[in-house]
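Let's take a friendly walk through a protein model together. Have the 3D view open and turn it as you read.

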Amino acid sequence: MRAIRPAVVDFDDVIVDCMGSVIPFANRRFGTNVQYEKMYTYELWRLFGQALPAMHDMINAFFHSSEHDGVLAMEGVAEGLKYLKEKYGAVDIATARPKIGAPPMLSLLQRHGLMHFIRDTYVSVPKGDVCRKVYASVFIDDAIHNIQAVAAKNPQTSLILMGKPWNKESHEQAVRVPSWRAIIEQGL
Ligand SMILES: [Mg+2]
């Protein structure tokens, strides 16, 4: 039997468009006007000028809100996950969400009909450790620091950065792509 070396995929802003719903939610809460296209960082406390405890409260409220239920799937994600599952044998999710964000994540996967593509989910486990444990073939994330963490521990893993306004600088070892469609078309 051939050992499976799965694809490891981030959840927020790779499988679903989390920021597309967080930003308007936080703007209403804080009376701000942060715009998605102008996000130079995903560190929300910087964008919204709020202390970390206020941001944690906001995120916890968001996880339990109707806005979270309305988070959209990324365009082409079903085709993308199907492609990865066929190519690598399995797809695991590694998310930095706190444990409290796991049940809402699973309900979004159900709602968007994506659960059957997923083998395992790792919540709040360092992504470099996840990729080493499962001997990942490929890792996909939108955050540079996660790409760096995986690169440092996993020379066997190829790296894909999902392009977003906050990661334009990319990473020397990663391929930056604009969409799931590009991953399929480039055979990554
Ligand atoms: Mg992410």
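Asp12 is a buried residue, because 21 other C-beta atoms lie within 10 Å of its own and the cut-off for "buried" is 20 or more. Keep in mind as you look around that this model is predicted. You can find Asp12 in the loop between strand 1 and helix 1. Apart from residues up to four places away in sequence, Asp12 touches Cys18, Thr95 and Arg97.

Asp10 sits in the loop between strand 1 (7–9) and helix 1 (18–30). Asp10 also counts as buried, because it has 21 C-beta neighbours inside 10 Å. Beyond its neighbours within four places in sequence, Asp10 is in contact with six residues listed here by name: Ala94, Thr95, Ile140, Asp141, Asp142 and Asn146. What makes this pair worth a look? In the unreviewed UniProt entry, the annotation "active site" covers Asp10 and Asp12.

Now try Leu44, which lies in helix 2 (residues 44–48). Is Leu44 buried or exposed? Leu44 is buried, because 20 other C-beta atoms lie within 10 Å. Leaving out residues up to four places away in sequence, Leu44 touches Ala26 and Met55. Leu44 and Ala26 are 18 residues apart along the chain, and their C-alpha atoms are separated by 9.2 Å.

Here are the three residues side by side:

| Residue | Place | Other C-beta atoms within 10 Å |
|---|---|---|
| Asp10 | loop between strand 1 and helix 1 | 21 |
| Asp12 | loop between strand 1 and helix 1 | 21 |
| Leu44 | helix 2 | 20 |

Next, zoom out. The chain is divided into domain 1 (7–17 + 72–185) and domain 2 (18–69). The C-alpha centres of the two domains lie 21 Å apart. How do the domains meet? 11 residues of domain 1 are in contact with 13 residues of domain 2. On the side of domain 1 that touches domain 2, seven residues are nonpolar, one is polar and three are charged.

Finally, look at strand 5 (residues 158–162). Four of its five residues are buried, so strand 5 is largely enclosed by the rest of the structure. Strand 5 pairs with strand 4 (residues 138–141) in the parallel sense over four bridges, and Val138 has Ser158 as its bridge partner in strand 5. Between these two strands the chain passes through helix 8 (residues 144–153), making a right-handed β-α-β crossover. Strand 5 also pairs with strand 6 (residues 174–177), in the parallel sense over four bridges. There, the bridge partner of Ile160 is Val175.

Technical notes
Residues numbered from 1 in each chain as written. Predicted model: local features only at pLDDT ≥ 70, side-chain atom pairs only at ≥ 80, totals over all residues. UniProt positions renumbered as here; feature names shortened; annotations may be inferred. Buried ≥ 20, exposed ≤ 12 C-beta atoms within 10 Å, placed from the backbone. Contact = placed C-beta atoms within 7 Å. Domains from an automatic or database assignment. Nonpolar A, V, L, I, M, F, W, Y, C, P; charged D, E, K, R; others polar. Pairing = 2+ DSSP bridges. Right-handed = clockwise from strand over helix to strand, strands pointing away.
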